[in-house]
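Let us take a walk through this fold together, from its sheet to its helices and on to its charged pairs. Please keep the viewer open as you read.

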Amino acid sequence: MKIILTCLVCALCLGVLVRLDVTMLSGQAQAFFQETVAPVLHVDTTGSKLRNLFVPVLADSEVDTTGNRWDKVAVSTGMDTETAFSCETGSKEPEPTTEAVTVASVGDAETAETMVQPLSIPAGITYSMEQLNNYDFLVGNCYTIDSSTNVTAEELAADTLLSKDLHIDPASGEYKVLIYHTHGSETFADSRPGVIEDTVIGLGDELTRILEEDYGIPVYHDRTVYDVVDGVEDRSLAYDYASDGIDAILQQYPSIEVVLDIHRDGVREDVRLVRDIDGVPTAQIMFLNGMSRTNENGEIDYLYNPYRQENLAFSLQMHLAGKELYGDLMRRIYVRGYCFNLNKMPRSSLIEVGAQTNTVAEAKNAMVPLGAILYKVLIAQE
């Protein structure tokens, strides 16, 4: 009993000390807490109050809600979906920058992304090639690399990724972009029950309209709901069903060169992924890359992706275009170990638009900047 009491007292003291000193921690130290300590404490048998009491620095970390764990990985991979995505924290501490808007360090990334009120963006953010070619700087400012996987400096060589020509020619009038939704039933904070326009499929409708009307890019929008089976929400095979659907569409329309899977993220209920763009509250945007490789199992042969490098180029070029145009509207690119059907095309991307705490209007407002980003990368000539 004395030993147990002693341990409790020590733990309480540690909690107090950490709470007092958290603001003094460097970004790298906070990242250590979130990436090393958090996975131990973020288990179902540990109550949130106990976690927050002992290690307060973890209390404000962005975590997935239980109801949205399915949004994180194709279940057919055999991955434990309860630990599919960890908190959104960077793995590197960024170097000082000289861009127009201060970039959040690893340590204050959560503060930047949990602001309840919209944050006005006075200017875009640009980086020099010298900065981007520094692996630590690039990862610290542009990526969140999940602890289950890794990306080499060679794979993230900015000069190589940014030199890839991703332009398309929409002049033929044939479909060039495929928009679909692996989790088509995803909704938002004020979505009306049973109204498909209030789901992520409604976002696809709006993006399709913008790309076609404003930029002249022909779009095929697949409105199939792949995560509902016999009227019941079931995401266990959604990526498999979506894969079959994509293959059929690409076979029917071989002119398609761009494949976009539009989702919304799942976050803690007090997190609001929103920014003010020209006076309009707009849901933040995040691109996701799947490496088809995990630290535990290495390369996943049955999820082989011949376009992995092109996928990385596509997401980085879009991310930097978004930063230049809209600053911190862009969340850092999330890199995960699985495939997510990104092996369909070189220009394939999974795009997270806001989260379940955003309104439908905020998410649809994000389609305007997303359309501009796609145009800048796919069409515009410098």
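The paragraphs below begin with the sheet, move on to the helices, and end with the salt bridges and a loop.

One thing to keep in mind from the start is that this is a predicted model. A good place to begin is the open sheet of seven strands, whose order is E2-E13-E10-E14-E7-E3-E4 with mixed pairing. Its edges are E2 and E4, the latter covering residues 219-221, and each of these two strands pairs on one side only. If you follow the sheet from one strand to the next, the twist averages 25°.

To see how the pairing looks up close, turn to E3 (residues 177-180) and E7 (residues 258-265), which run parallel and share four bridges. Here Ile179 stands opposite Leu260 of E7. As a reminder, strands of a sheet pair through backbone hydrogen bonds, either parallel or antiparallel.

The antiparallel kind can be seen in another pair, E8 (residues 274-277) and E9 (residues 280-283), which are joined over four bridges. Ile277 has Val280 in E9 as its bridge partner. E8 and E9 make a hairpin with two residues between them, and in the turn Asp278 has a positive phi of about 55°.

Now for the helices that pack on the seven-stranded sheet. Helix H8 (residues 200-215) touches E3, E4, E7 and E14, and its direction makes about 165° with that of E4. Helix H10 lies across E2, E7, E10 (285-290), E13 and E14, and runs at about 165° to E10.

Which helix do H8 and H10 both pack against? For H8, the partner is H12 (residues 367-378), and the two axes come within 9 Å and cross at roughly 50°. That angle makes H8 oblique to H12, and the crossing is right-handed. On the H8 side the contact is made by Leu203, Glu206, Leu207, Ile210, Leu211 and Tyr215, while H12 contributes Met367, Val368, Leu370, Gly371, Ala372, Leu374 and Tyr375.H10 also packs with H12, at an angle of about 120° and with the axes 9 Å apart. H10 and H12 are therefore oblique to each other, and H10 passes H12 in a right-handed crossing. The residues of H10 that meet H12 include Phe314, Gln317, Met318 and Ala321, and among those they meet are Val368, Pro369, Ala372 and Ile373.

Next come the charged side chains. Side chains of opposite charge can pair when their charged atoms come close. How many salt bridges does a search of the whole structure find? The search finds 18. One of them joins Glu155 and Arg308, at 4.0 Å from N to O. Glu155 lies in the loop between E2 (143-145) and H7 (158-163), whereas Arg308 is in H10 (residues 308-326), so the pair ties together parts that are 153 residues apart in sequence. Are these two side chains buried or exposed? Glu155 is buried, with a relative accessible area of 11%, and Arg308 is buried too, at 18%. Glu155 and Arg308 also belong to a network of salt bridges that includes Arg293 and Glu299.

A second salt bridge connects Asp247 with Lys344, and their closest N and O atoms are 2.8 Å apart. Asp247 sits in H9 (residues 238-252) and Lys344 in the loop between E13 (333-336) and E14 (347-355), so this pair ties together parts that are 97 residues apart in sequence. Asp247 counts as partly exposed, at 36% relative accessibility, whereas Lys344 counts as buried, at 16%.

The side chains of Arg268 and Asp270 form another salt bridge, with 2.4 Å from N to O. Arg268 counts as buried at 16% relative accessibility, while Asp270 is partly exposed at 43%.

Finally, stay with the loop between E13 and E14, where Asn341 is also found. Asn341 counts as buried, with 10% relative accessibility. Which residues is Asn341 in contact with, leaving aside its neighbours within four places in sequence? They are Tyr180, Tyr239, Ala242, Ser243 and Ile246.

Key: Residues numbered from 1 in each chain as written. Predicted model: local features only at pLDDT ≥ 70, side-chain atom pairs only at ≥ 80, totals over all residues. Heavy atoms only, no water. Buried < 20%, exposed > 50% of the residue type's maximum accessible area, 1.4 Å probe, protein only. Pairing = 2+ DSSP bridges. Axes fitted to C-alpha atoms, helices over the stretch in contact; angles between N-to-C directions. Contact = heavy atoms within 4.5 Å. Parallel < 35°, antiparallel > 145°, perpendicular 65-115°, else oblique. Left-handed = near helix turned anticlockwise from the far one by under 90°.
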